[in-house]
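Biologist: Could you take me through one loop of this model in close-up? After that, I'd like to hear how it connects with the sheet and what else is worth a look.

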Amino acid sequence: MSFFSDRIRRLFISFRYINFKRSLNLFRISLSYFLSKVGIQKTNKLSPFFLSIETANYCNLHCPECPVGIRDISKIVPQLFDLTLYNKIIDSQKSTLQHVILYFQGEPLLNSNLNEFIEYAHKAKIYTSTSTNGQLLCDYAEKIVRSGLDKLIVSVDGSTQETYENYRVGGLLQKTLDGIKQLVYWKTELRSATPLIEIQFIVMKSNEHQLKEMKLLAKSLKVDRLRFKTAQLYDFENGNERLTSFSKYARYRQLPDGTFAIKNKLPNHCMRLWSGAVINSRGNVLPCCFDKESEFSFGNINNQTVQAVWHNKKASDFRDSILQNRKQYEMCRNCTSK
């Protein structure tokens with residue numbers, strides 16, 4: 001499929017979920033964000049444009065740069081997002097919510113109710129997406145296609161098992177590839193345009209030699225898109241063995257003193273904080289997906305509404321602090337978002 005035709009399909013699918021209230025809400029969010037950037041504090045009671053919801057807080061792999069993957073599994077209290085609570089969120093936000101992202105840190109397919117999450121959002125005409133390591137795709141491929149999921153990101157960080165398992169520790173490349181093939185099969189069988197299947201390849205020193213092979217592999221699998229992504233590394237200042245030598249896919253640059261820093265200039269503003277939020281499996285509302293340890297939780301939706309938490313003093317103060325000095329937060333110093 002050509003890039004042009006793929007883009008048309010993606011735009012068409014997205015436009016299905018646009019209505020007047022959602023468009024007006026997005027305009028008001030953008031206006032509030034702009035006025036806040038120039039020093040005019042706007043306190044309109046806006047609604048989030050997107051919500052990222054963690055359906056499961058644990059994973060079946062042990063990726064070395066993932067906070068979930070590197071933990072001792074015996075010390076993790078498995079937590080699945082409550083479906084009833086999720087439905088209440090959708091009901092309360094459906095007039096203005098445009099996009100539900102059904103993942104945060106854990107593996108979404110470990111939640112057996114994932115398809116129900118997707119279907120309930122679609123009843124409210126809300127765009128849905130999720131991301132997976134693909135190890136369970138063979139078992140869920142047909143259900144995912146039937147659910148109506150709009151976009152699925154599948155992590156494939158190598159074209160051979162040796163390279164793949166260097167990062168996706170405990171995973172089998174062939175299981176993921178077979179899962180993708182099953183997805184494509186069921187899309188064809190059910191004559192479904194969705195989900196849009198995107199292979200995501202995190203470029204690191206260990207796999208940078210396989211970019212060409214990945215292009216050929218993605219083409220043979222008949223996926224909709226292959227995306228090469230920069231690697232987010234937690235210990236990068238003094239160098240890291242995973243740092244790629246390809247500047248195009250490097251998130252960091254080396255300074256004259258030999259240390260490393262993020263390439264992009266970090267502005268004192270961030271659109272994410274005005275447009276949406278992350279809700280972890282315990283119900284904590286977080287400023288963004290970089291708050292891996294839920295350090296800056298604004299509150300919990302088990303005893304408050306999304307609107308109440310998103311606009312409380314803690315949330316407002318955090319947004320104000322970003323406008324003053326974004327670099328004060330460690331999580332922001334590793335972010336490329338503007």
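Modeller: Let's start with Pro195, which sits in the loop between helix H7 (173–189) and strand S5 (196–203). Keep in mind that this is a predicted model. The thing to zoom in on is the peptide bond from Thr194 to Pro195: it is cis, with omega near 5 degrees. The loop between H7 and S5 also holds Arg191. Arg191 is a residue other than glycine with a positive phi, near 50 degrees. Is Arg191 buried or exposed? Its relative accessible area is 80%, so Arg191 counts as exposed.

There's another positive phi to set beside that one. Lys222, in the loop between helix H8 (211–221) and strand S6 (225–230), has phi near 65 degrees, and Lys222 isn't a glycine either. With a relative accessibility of 64%, Lys222 is exposed too. A glycine with a positive phi turns up just after helix H2: Gly39, at about 95 degrees.

Now for the sheet, since your loop runs up to S5. Nine strands make up an open sheet, and if you walk across it the order is S6-S5-S4-S3-S2-S1-S9-S10-S11, with mixed pairing. At the edges stand S6 and strand S11 (299–300); each has a single partner strand, so one side of each has no neighbour in the sheet. In the order of the sheet, S5 sits between S6 and S4.

Carry on from S4 and you reach strand S3: S3 (residues 127–132) and S4 (residues 151–155) run parallel and share four bridges. Thr130 is a handy residue to click on here, with Leu152 of S4 as its bridge partner.

Further along comes S1 (residues 50–53), and both of its faces are covered. In a regular strand, side chains alternate between the two faces of the sheet. On S1, Phe50 and Ser52 are on one side, Leu51 and Ile53 are on the other, and all of them are buried. S1 has a parallel pairing with strand S2 (residues 99–101), over three bridges, and Phe50 is partnered there by His99. S1 also pairs in the parallel sense with strand S9 (residues 276–279), this time over four bridges. In that pairing Ser52 stands opposite Val278.

Let's go back to S6, the edge strand, for some aromatics. A search of the whole structure turns up eleven aromatic pairs. In one of them, Phe228 with Tyr249, the ring centres are 5.6 Å apart and the planes meet at 65 degrees, so the pair is edge-to-face. Phe228 belongs to S6, while Tyr249 is in the loop between S6 and strand S7 (252–254), so this pair ties together parts that are 21 residues apart in sequence. Both rings are tucked away: Phe228 is buried at 16% relative accessible area, and Tyr249 is buried at 14%. A tilted pair is formed by Phe318 and Tyr329, with 4.7 Å centre to centre and 35 degrees between the planes. That pair links distant parts of the chain, with Phe318 in helix H11 and Tyr329 in the segment after H11, eleven residues apart. Phe318 and Tyr329 are buried as well. They also join Phe296 and Phe298 in one aromatic cluster.

H11 leads us to helix H2, because H11 (313–324) is among the elements that cover the buried residues of H2, along with helix H9 (272–275). The buried residues of H2 are Arg22, Asn25, Ile29, Ser32, Tyr33, Leu35 and Ser36. Look down the axis of H2 and these fall within an arc of 165 degrees, so they line one face of the helix. Which exposed residues does the face of H2 turned away from the buried side carry? They are Phe20 and Phe27. At the N-terminal end of H2, Asn19 acts as a cap, with a side-chain oxygen 3.2 Å from the backbone nitrogen of Lys21. The length of H2 checks out too: at 1.5 Å a residue, its 18 residues (20–37) should span 26 Å, and the end C-alpha atoms are 26 Å apart, which agrees.

Conventions. Residues numbered from 1 in each chain as written. Predicted model: local features only at pLDDT ≥ 70, side-chain atom pairs only at ≥ 80, totals over all residues. Heavy atoms only, no water. Helix = DSSP H or I, 4+ residues; strand = E, 2+ residues; numbered from the N terminus. Expected span 1.5 Å × (residues − 1). Buried < 20%, exposed > 50% of the residue type's maximum accessible area, 1.4 Å probe, protein only. Arc of directions from axis to C-beta. Contact = heavy atoms within 4.5 Å. Polar contact = N/O pair within 3.5 Å; in protein donor to acceptor, adjacent residues only side chain to side chain. Pairing = 2+ DSSP bridges. Phe/Tyr/Trp six-rings, centres within 6.5 Å; stacked < 30°, edge-to-face > 60°.
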